[in-house]
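Subject: the structure I promised you

Hi! Here is the structure we talked about, with my notes underneath. Open the two side by side and read along.

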Amino acid sequence: MKKSAAPALILIFLILAVGIFVVFRISRNEAPDTQNPGTAATATPEPTATTAPTATPTPSATPVPTAAPTAVPTATPVPTVAPTETPVPTLEPTAATGYEQTGEFRSDTGTYINIVVKWTVTGSGSPKTLKLDTYVESYALVTGDRISDVVFNIDGNVSYASSKAIRLENVGLTQTFLGSTSVDVTSGTDVPVNVTWHFNGTYSNRNIDTIVAEDTIHIN
């Protein structure tokens with residue numbers, strides 16, 4: 001029984017396979033032939049809707065930025081400076097000066113060369129100071145440096161001064177400094193003064209050895 005059943009099963013499988021093949025072929029023959037348009041019904045294509053052209057957008061004008069208003073700077077107020085009172089200068093007290101006497105006397109050579117003695121007495125008490133400044137007064141004059149050529153005799157007190165070189169040319173009457181001296185004197189006295197300049201030269205065609213000026217000074 002087992003040997004007869006196997007061939008029967010095989011036969012049944014074959015019959016089924018043939019049946020499936022036949023059905024498959026029939027179904028293919030009934031399907032429309034898409035590759036042969038002459039035999040099959042031509043399908044009417046549906047009209048495609050025409051798309052309306054899209055309008056090209058007009059570019060908008062580039063907006064111009066509005067300039068921000070410039071703020072007008074406000075002037076910084078300058079503080080008003082109160083006027084300063086003009087300071088009144090303080091006058092410094094002037095030191096009280098002592099009593100002063102002045103005067104002068106001169107020689108007389110009879111020519112245009114002479115000596116002039118200018119004197120000054122200063123001081124508030126006693127003794128006071130007597131100062132003598134001696135000048136030669138002349139027109140043209142040329143001398144060299146000299147030593148102790150000016151001699152002062154003040155009430156018997158003798159002192160000396162040395163004159164510097166002098167060179168005067170084409171000038172008017174001129175006073176040139178020779179030398180000076182100072183001594184202490186007593187108030188209320190008369191002081192005899194003699195000044196001698198050892199010129200030792202020629203002036204206006206005259207030989208002159210010394211030029212002398214003398215006077216008496218009253219000391220107040």
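Let's start with one residue: Ser163 counts as buried, because its relative accessibility is 2%. Buried means under 20% relative accessible area, exposed means over 50%, and partly exposed is in between (1.4 Å probe, protein chains only). Ser163 sits in the loop between β6 and β7 (166-168). Its side chain makes a polar contact of 2.6 Å with the side chain of Asp149. A polar contact is a pair of N or O atoms within 3.5 Å; within protein, one must be able to donate a hydrogen and the other to accept it, and residues adjacent in sequence count only if both atoms are side-chain atoms. Leaving out residues up to four places away in sequence, Ser163 touches Asp145, Arg146, Asp149, Leu178 and Trp197, where contact means heavy atoms within 4.5 Å.

Before you go further, some ground rules. This is a predicted model, in which local features need pLDDT of at least 70 and side-chain atom pairs count only at pLDDT 80 or more, while totals for chains, interfaces and linings use all residues. Residues are numbered from 1 along each chain as its sequence is written, and side-chain values use heavy atoms, with hydrogens and water left out.

Now the overall picture. The protein chain has 1 helix and 10 strands, and along the sequence they follow the pattern α-β-β-β-β-β-β-β-β-β-β. Helices (H or I, at least four residues) and strands (E, at least two) are DSSP runs, numbered from the N terminus. Of the 220 residues in the protein chain, 23% are buried. If you take the contacts between residues at least 6 apart in sequence, 59% of them join residues at least 24 apart. The protein chain exposes about 16900 Å², and carbon and sulfur atoms supply 58% of that; accessible areas come from the Shrake-Rupley method with a 1.4 Å probe, and for residues only the protein chains shown count as cover.

How are the strands arranged? One open sheet has 4 strands in the order β1-β2-β3-β8, with antiparallel pairing. Its edge strands, each pairing on one side only, are β1 (100-106) and β8 (174-185). Two strands pair if DSSP finds at least two bridges between them. Neighbouring strands of this sheet are turned by 15° against each other on average, direction ignored; axes are lines fitted to C-alpha atoms, for helices over the stretch in contact, and angles run from 0 to 180 degrees between N-to-C directions. Inside this sheet, β3 (residues 128-138) and β8 pair over 11 bridges, and Thr134 stands opposite Gly179 in β8.

The other open sheet I'd look at also has antiparallel pairing, and its 4 strands run in the order β6-β5-β9-β10. Here β6 (157-161) and β10 (206-219) are the edge strands. Strand β5 (residues 150-154) pairs with β9 (residues 189-203) over 5 bridges, with Val151 opposite Thr196 in β9. On the β9 and β10 side there are 13 bridges, and Tyr203 stands opposite Arg206 in β10. These two strands form a hairpin with 2 residues between them, and Ser204 in the turn has a positive phi of about 55°.

Next, the inside. Which residues have the most contacts within the largest nonpolar core? They are Ile113, Leu130, Leu132, Val193 and Trp197, in a core of 30 residues. A nonpolar core is a set of buried Ala, Val, Leu, Ile, Met, Phe, Trp, Tyr and Cys residues joined through side-chain atoms within 4.5 Å. At least two residues each come from β2 (114-122), β3, β5, β7, β8, β9 and β10, and β9 gives the most, with 6 residues. Beyond its neighbours within four places in sequence, Leu132 is in contact with residues including Val117, Trp119, Phe152, Ile154, Val193 and Val195.

One last residue to click on is Phe105, in strand β1. Phe105 is buried, with a relative accessible area of 7%. Phe105 and Val116 are 11 residues apart in sequence, yet their C-alpha atoms are 6.0 Å apart in space. Not counting residues up to four places away in sequence, Phe105 also touches others, among them Ile115, Val117, Trp119, Val193, Ala213 and Ile217.

Have fun clicking around!
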